[in-house]
Amino acid sequence: MKPGIEWRAPRADAEAAQFAADLHAALARTPKAISPKYFYDEAGSRLFEQICELPEYYPTHTELALLQRHARDMAAQMGHRVQLVEYGAGALRKVRLLLGAMPRDSVQFVPVDISGPHLLGACDGLAADMPGLDIQPLVADFTRPHSLPPCPAGARRVGFFPGSSIGNFTPAEADAFLRLAAGELAGGGLLIGIDLVKEASVLHAAYNDTAGVTAAFNLNVLERARRELGAEFPDDGFEHLAFYNPAYRRIEMHLRATRPLSLQLDGQHYDFHEGETLHTEHSHKYTVAGFQAMAARAGFEPGTVWTDANGWFALLWLRS
Ligand code: AVJ
């Protein structure tokens, strides 16, 4: 018998139960809304990787270009000996650019991610590509209190939070995360990627790509409910909706009922009137000054800002 299978099975059950409970709650509230974290099952993670390749989805290629161009400068701001903590590490593609600009023996890398198997797989790949690098993965939800490995003697602890992942947080959640990070990164700093406020047409195109990948990504959350929880709803019952809400400076994604319909989950019926939506995501956009002000309230001092010629995306160094 393989111990790995025994370990995985109860965890998958617990995750499905959590998804079911959260989906019931999401459908019972007004307006209906669910956490974007449920996008990312295997199919959803693959769709997100495809989004990152889309020409309309500027955040990924803009941030990668900034990292390519300024990695040395960024690494220099971080300091000579560092413990580099990456929040929500994922595939480790971006951090390679940063690590490549640091002397291998001057850094301990601590990627933190909630998905254990995914994180450990990515770390194996990184270890093969960067032999001798000290990697200490931590499987944890970084938005909750967690204990990082102690900072090596003589090193500063610095954070890396790319991708504008912070955009998924409400302002209150972003504030809470920044306070937690300022505490554990005290004496060091945080390099964070943020998506900037810009012309609505550019934002609209990025979340309504012509190939329909973002639509498939959005719809996947209900497809996942069908696969994992046996949810029932008409095949063409929902459509992708993404728009910029200027009052909140955020992109909102919803799944909109194309006609009056009912979604069935565990024998319960949730009615949608025509046009009613399930809110699936918000993606907040910031100004550099606005973000720095929020970070300052959380205990960070603003440092260098790297941005592209269009001013569409920024990487901010914040000292803590
Ligand atoms: C991973 C949260 C940064 O908000 O742009 C991409 C997710 N949603 N297309 C974003 C996403 C639709 C993405 N983040």
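**Exercise 1. Determine which strands form the hairpin with D266 in its turn, and describe their pairing.**

Step 1. The hairpin is made by β10 and β11, with 2 residues between them; strands here are DSSP runs (E, at least two residues), numbered from the N terminus.

Step 2. In the turn, D266 has a positive phi of about 50°.

Step 3. Strand β10 covers residues 261–265 and β11 covers residues 268–272; they run antiparallel and are joined by 5 bridges. Two strands pair if DSSP finds at least two bridges between them.

Step 4. Within this pairing, D271 of β11 lies opposite S262.

**Exercise 2. State how far the model can be relied upon.**

Step 1. The model is predicted; local features need pLDDT of at least 70 and side-chain atom pairs count only at pLDDT 80 or more, while totals for chains, interfaces and linings use all residues. Residues are numbered from 1 along each chain as its sequence is written.

Step 2. The average pLDDT (the predictor's confidence in each residue, from 0 to 100) is 94, and 97% of the residues score at least 70.

Step 3. Residues 1–9, however, have a pLDDT below 50. Where pLDDT is low, the predicted coordinates should not be read in detail.

Step 4. The ipTM is 0.99 and the pTM is 0.93.

**Exercise 3. Identify which residues surround the ligand, and classify them.**

Step 1. The surrounding residues are I51, P59, G163, S164, S165, G167, N168, Y207, T214, E281 and S283, nearness requiring a C-beta atom, placed from the backbone, within 6 Å.

Step 2. This shell comprises 3 nonpolar, 7 polar and 1 charged residues. Ala, Val, Leu, Ile, Met, Phe, Trp, Tyr, Cys and Pro count as nonpolar, Asp, Glu, Lys and Arg as charged, and the others, Gly among them, as polar.

How values were computed:
Contact = placed C-beta atoms within 7 Å. Helix = DSSP H or I, 4+ residues; strand = E, 2+ residues; numbered from the N terminus.
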